[in-house]
Amino acid sequence: MDFSGKRVLITGAARGIGLEIARQFGERGAELVITDYDRDGGGKAEEELKKSGFKAGFIPADVSDETQVSDMFKKVAEGGKLDILVNNAGIIIDKLLVRINESDWDKVIDINLKGTFLCLREASKLMLKAKSGKIVNISSMVALGGNPGQANYTASKAGVIALTKTAARELGPRGINVNSVAPGFIQTEMTANLPKANTDMYLAAMSIKRPGTPADVANAVMFLASDEASYITGQTLVVDGGYWM
């Protein structure tokens, strides 16, 4: 899968899965535009990518803020075309349903779902002019079956899957593929502090008896963003080690 000559925007790319996705696109020749609300982390990620020999630029933005997203895409457009968007930015605020307050709900929905919508909408405007493009949204395996303590997160990620399907129907006739990846239990900063009991529960239910890695998710993104997946749209590729079989 060669992305030479392709320009890619990855949200939430300061660390973890987003940064690994950027690395893999860079290794395959893509020009990288990364964004994150963490200015320091995003700057360090940009520096790391450039040291690896990749062409990369960082635009700080909060994807839940419509004005910041609009400004970011103006900068993206000034730099040239946009071939691929990866909507990776996301947060968790885990609490039992009866303890989730309105702020906990709004923050997670705003970044995970609204942020995906805003970036997808702005990217599609650029791609529609070119009559081509690939959009990959990052959902989660818990969107498929729920998870105690994650009512806000599961709702947001289930919404991402539904949004993906609708966007695929609307944009497909204009040459734009829209798919999603639903990672399972992946070793990142976000999952590092989970209690051992939770980790053991996930591993016991998996067919492949190990946590996933950011590279496992990035590999799936590479495929869906590639020409090899040109006849695939509206789909969710689950990368969960067989958890939901």
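# Exercises on strands, rings and salt bridges

D83 has a relative accessible area of 11%, so this residue counts as buried. Here, buried means under 20% relative accessible area, exposed means over 50%, and partly exposed is in between (1.4 Å probe, protein chains only).

You're working with a predicted model, where local features need pLDDT of at least 70, side-chain atom pairs count only at pLDDT 80 or more, and totals for chains, interfaces and linings use all residues. Residues are numbered from 1 along each chain as its sequence is written, and side-chain values use heavy atoms, with hydrogens and water left out.

## Exercise 1: a salt bridge at D83

Task: find which residue forms a salt bridge with D83, and say how accessible that residue is.

Solution. Start with the rule: a salt bridge is a side-chain nitrogen of Lys or Arg within 4 Å of a carboxyl oxygen of Asp or Glu. Side chains of opposite charge can pair when their charged atoms come close. For D83 the partner is K81, and their closest N and O atoms are 3.4 Å apart. Now check the partner: K81 has a relative accessible area of 47%, so K81 is partly exposed. By this rule, the whole structure has 13 salt bridges.

## Exercise 2: strand β4 and its neighbours

Task: work out which way the side chains of β4 point, and which strands pair with β4.

Solution. Helices (H or I, at least four residues) and strands (E, at least two) are DSSP runs, numbered from the N terminus.

Step one is the side chains. In a regular strand the side chains alternate between the two faces of the sheet. Strand β4 covers residues 84-87: I84 and V86 point one way, L85 and N87 point the other way, and all are buried.

Step two is the pairing, which takes at least two DSSP bridges between two strands. β4 pairs in the parallel sense with β1 (residues 7-11) over 3 bridges, and I10 sits opposite V86. β4 also runs parallel to β5 (residues 133-138), joined by 4 bridges. There, L85 is opposite I135.

Step three is the connection. Together β4, helix α4 (residues 102-130) and β5 make a right-handed β-α-β unit. Right-handed goes like this: with the strands pointing away from the viewer, the path from the first strand over the helix to the second runs clockwise.

## Exercise 3: salt bridges inside helices

Task: for E20 with R23, and for K125 with E122, say how many residues apart the partners are.

Solution. Take E20 and R23 first. Both lie in helix α1 (residues 16-27), 3 residues apart, about one turn of the helix. Their side chains meet in a salt bridge (3.0 Å, N to O). E20 is buried at 15% relative accessibility, while R23 is partly exposed at 26%.

Now K125 and E122. These two are 3 residues apart in helix α4, so about one helical turn separates them. Their salt bridge is 3.1 Å, N to O. K125 is partly exposed at 44% relative accessibility, and E122 is buried at 12%. Salt bridges that share partners join E66, R121, E122 and K125 into one network.

## Exercise 4: a cluster of rings

Task: follow the ring pairs from Y202 to W244 and classify each one.

Solution. Rings of Phe, Tyr and Trp (its six-membered ring) pair if their centres lie within 6.5 Å; planes under 30 degrees apart count as stacked, over 60 as edge-to-face, and the rest as tilted. The structure holds 4 aromatic pairs. In one of them, Y202 and Y243 are 5.8 Å apart centre to centre with 55° between the planes, so this pair is tilted. The pair links distant parts of the chain: Y202 is in helix α7 (residues 196-205), and Y243 is 41 residues away in the segment after β7 (236-239). Y202 is buried at 8%, and Y243 is buried at 18%.

Next, Y243 pairs edge-to-face with W244, at 5.1 Å centre to centre and 85° between the planes. W244 is partly exposed at 37%. Ring pairs link F185, Y202, Y243 and W244 into a cluster.

## Exercise 5: how far is Q187 from R210?

Task: compare the spacing of Q187 and R210 in sequence and in space.

Solution. Find Q187 in the loop between β6 (176-183) and α7. Its relative accessible area is 49%, so Q187 is partly exposed. Q187 and R210 are 23 residues apart in sequence, and 9.7 Å apart in space from C-alpha to C-alpha.
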